[in-house]
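Biologist: I'd like to learn how to read a structure like this one. Could you walk me through it, feature by feature?

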Amino acid sequence: MNSSRVVVSAIAALIMFLFLTPKSEAAISCSDVLKDLRPCVNYLKSGSGKPPAACCSGASALASAATSTADKKTACGCIKTAAQKMNPNSQLAQALPTNCGITLPVPVSPNVDCSKIN
């Protein structure tokens, strides 16, 4: 009889844990973000003028995919980490959305505070 009480208690604890654990709402992953922005790397490091079409296409895909706050925060963290590693030209990174004619939900910057992304 004691063993069945332990099992029932364990199952109840597991159910409570599953219901109380916050669920991630992010549907976007870092691999998605990096895949979208990979065509921009050379441009962001040493480009000039208008970004390549593949870069703008990827940035546009990212802008369309990152719509929820969770997605934007995930994208922000991925971009921030990548920018810290590749050290992009800050002027080109800042101008990327304008140069592509889009609005990105997060800045391309190694110094962005992702906790302030809505």
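**Reading the links, a helix and a pocket**

Modeller: Happy to. Let's start with a disulfide: with -80° about the S-S bond, the link of Cys 56 and Cys 100 is left-handed. Keep in mind that this is a predicted model.

Biologist: Which parts of the chain does that pair link?

Modeller: Distant ones: Cys 56 sits in helix 4 and Cys 100 in helix 6 (residues 90–100), 44 residues apart. Their sulfur atoms are 2.1 Å apart. As for the surroundings, Cys 56 is buried, and Cys 100 is buried too.

Biologist: How many disulfides does a search of the whole structure find?

Modeller: It turns up 4. One of them joins Cys 40 to Cys 55, with 2.0 Å from S to S. This pair also links distant parts of the chain: Cys 40 is in the loop between helix 2 and helix 3, and Cys 55 is in helix 4, 15 residues apart. Both cysteines, Cys 40 and Cys 55, are buried.

Biologist: Is the link of Cys 40 and Cys 55 left-handed or right-handed?

Modeller: Look at the angle about the S-S bond. For Cys 40 and Cys 55 that angle is 105°, and the link is right-handed. Now try Cys 30 and Cys 78, where the angle is -90° and the link is left-handed. That disulfide has an S to S distance of 1.8 Å. Cys 30 belongs to helix 2 and Cys 78 to helix 5, 48 residues apart, so to speak of distant parts of the chain fits here.

Biologist: Why does Cys 30 count as partly exposed?

Modeller: You read the relative accessibility against the cut-offs: under 20% is buried, over 50% is exposed, and in between is partly exposed. Cys 30 has 37% relative accessibility, so Cys 30 counts as partly exposed. Cys 78 has 4%, so Cys 78 counts as buried.

Biologist: What is the pairing of the bonded cysteines, numbered in sequence order?

Modeller: Numbered that way along the chain, the pairing reads 1-6, 2-3, 4-7, 5-8.

Biologist: Let's turn to a helix. Which residues of helix 2 are buried?

Modeller: In helix 2 (residues 30–37), the buried ones are Val 33, Asp 36 and Leu 37. The trick is to look down the helix axis: these buried residues fall within an arc of 85°, so they line one face of helix 2. On the face turned away from that buried side you find the exposed residues Ser 31 and Lys 35.

Biologist: What do the buried residues of helix 2 pack against?

Modeller: They pack against three helices: helix 3 (41–46), helix 4 (53–65) and helix 5 (69–86).

Biologist: And pockets? How do I picture empty space?

Modeller: Rolling a probe the size of a water molecule over the atoms shows where empty space is left. In this model, the largest pocket holds about 190 Å³ of space.

Biologist: Which elements give two or more residues to the lining of the largest pocket?

Modeller: Helix 2, helix 3 and helix 5 do. Helix 5 gives the most, with 4 residues. The lining includes Leu 34, Leu 37, Val 41, Leu 44, Ile 79, Met 86 and Val 108. Leu 37 is also among the buried residues of helix 2, and Cys 40, which is disulfide-linked to Cys 55, is another lining residue.

Biologist: How do the lining residues divide into nonpolar, polar and charged?

Modeller: The lining of the largest pocket has 10 nonpolar residues, no polar ones and 1 charged. Arg 38 is on the lining list, and Arg counts as charged.

Terms used: Residues numbered from 1 in each chain as written. Predicted model: local features only at pLDDT ≥ 70, side-chain atom pairs only at ≥ 80, totals over all residues. Heavy atoms only, no water. Buried < 20%, exposed > 50% of the residue type's maximum accessible area, 1.4 Å probe, protein only. Arc of directions from axis to C-beta. Contact = heavy atoms within 4.5 Å. Disulfide = S-S within 2.5 Å. 1 Å grid on protein atoms, 1.4 Å probe; cavity = no way out; pocket = protein on both sides within 12 Å on 5 of 7 lines; lining within 4 Å. Points joined across faces, edges and corners; volume = space filled by probe spheres on them.
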